[in-house]
Amino acid sequence: MAAVSNAPTPLGTLVQHPQLAQASTVETMLYFETASMVVRVYRGGSSLFMNIYNKATDVVELRAAPTQLVPSTRDQTVYRAGGEAQRFARINVQGETELEIVAANGTVVLKESGSNAVVEVPSGSSDFRGNNFAPGTPALVLSAEAARLRSGPRLGSTIVATAPRRAVVDVLERVGNPEDGFIWYQVTYQGTTGWVRGDLLQPT
């Protein structure tokens, strides 16, 4: 899913960020950044929702908008949120993402490719590496020394804290990063929240 930045991004606060805050039982389906926006599609129960945050104005332009998974003729997944404008969040089989906003009169208001994307990890078998378990449960740190809590769900993200071997952390969120191939969990340990690779955790 395109370019990678090692700088902290809104990914590091996927759950706690006020613009993107959701309950820990909600799972992210798709999350990516464009040049001007941050896009999150998430599932609550059997329903889909979309948030869009404008990075330039620091305003949430779309919050918890009902969203549909729409048919596509190409090898891609497309999510659409309605309203006065139609908003389309797309990801293809190569992991490339795109946000398109179309006005009520059919005019394309915005069309930007995305980067730093993460996707849903289904329960059960997965192509992503790491232990796969549902968020919302405590987990045990398996690493030989200490697990690094990172600002975002990707290798190279800033380390914000560490959790020693055999420590128990609270798991808030689960995503897959197609760039490095790992499942990542957003966890809280001693008041600090960060992301840990799935091969370093197991459910208690």
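1. Let me start with a pocket. Strand β11 (residues 146-150) supplies the largest share of the lining of the second largest pocket, namely four residues. Please keep in mind as you read that this is a predicted model.

2. Which residues line that second largest pocket? They are Ser143, Glu145, Ala146, Ala147, Arg148, Arg150, Leu155, Trp184, Arg197 and Leu200. Sorted by class, the lining holds five nonpolar, one polar and four charged residues. The space inside the second largest pocket comes to about 150 Å³.

3. Now for the chain as a whole. How many helices and strands does the secondary structure of the chain have? There are zero helices and 16 strands, so you can follow the fold by its strand numbers, with strands counted from the N terminus.

4. A few totals may help you as well. The chain has 204 residues, and 51% of them count as buried. The accessible surface of the chain is about 9300 Å², with 49% of that belonging to carbon and sulfur atoms. Turning to contacts in the chain between residues at least 6 apart in sequence, 50% join residues at least 24 apart.

5. Thr192 is a nice residue to click on. You will find Thr192 in strand β15 (residues 192-197). Leaving aside residues up to four places away in sequence, Thr192 touches Leu149, Val160, Ala161 and Val187. One of these partners, Ala161, is 31 residues from Thr192 along the chain, yet their C-alpha atoms are separated by 7.0 Å.

6. Is Thr192 buried or exposed? Neither word fits: the relative accessible area of Thr192 is 27%, so this residue counts as partly exposed. The reasoning is simple, because buried means under 20% and exposed means over 50%.

7. Next, have a look at the backbone of Asp58. Phi of Asp58 is near 60°, which is a positive value in a residue other than glycine. Where is Asp58 found? Asp58 sits in the loop between β3 (47-54) and β4 (59-70). With a relative accessible area of 47%, Asp58 is partly exposed.

8. Ala64 deserves a look too. Phi of Ala64 is near 50°, again a positive value in a residue other than glycine. Asp58 is in a loop, whereas Ala64 lies in strand β4. The relative accessible area of Ala64 is 37%, so Ala64 is partly exposed.

9. To recap the residues worth opening in your viewer: Thr192 in strand β15, Asp58 in the loop between β3 and β4, and Ala64 in strand β4. For the second largest pocket, strand β11 is a good place to begin, with four lining residues.

Methods
Residues numbered from 1 in each chain as written. Predicted model: local features only at pLDDT ≥ 70, side-chain atom pairs only at ≥ 80, totals over all residues. Heavy atoms only, no water. 1 Å grid on protein atoms, 1.4 Å probe; cavity = no way out; pocket = protein on both sides within 12 Å on 5 of 7 lines; lining within 4 Å. Points joined across faces, edges and corners; volume = space filled by probe spheres on them. Helix = DSSP H or I, 4+ residues; strand = E, 2+ residues; numbered from the N terminus. Nonpolar A, V, L, I, M, F, W, Y, C, P; charged D, E, K, R; others polar. Buried < 20%, exposed > 50% of the residue type's maximum accessible area, 1.4 Å probe, protein only. Contact = heavy atoms within 4.5 Å. Areas by Shrake-Rupley, 256 points an atom, 1.4 Å probe, with all protein chains shown as cover.
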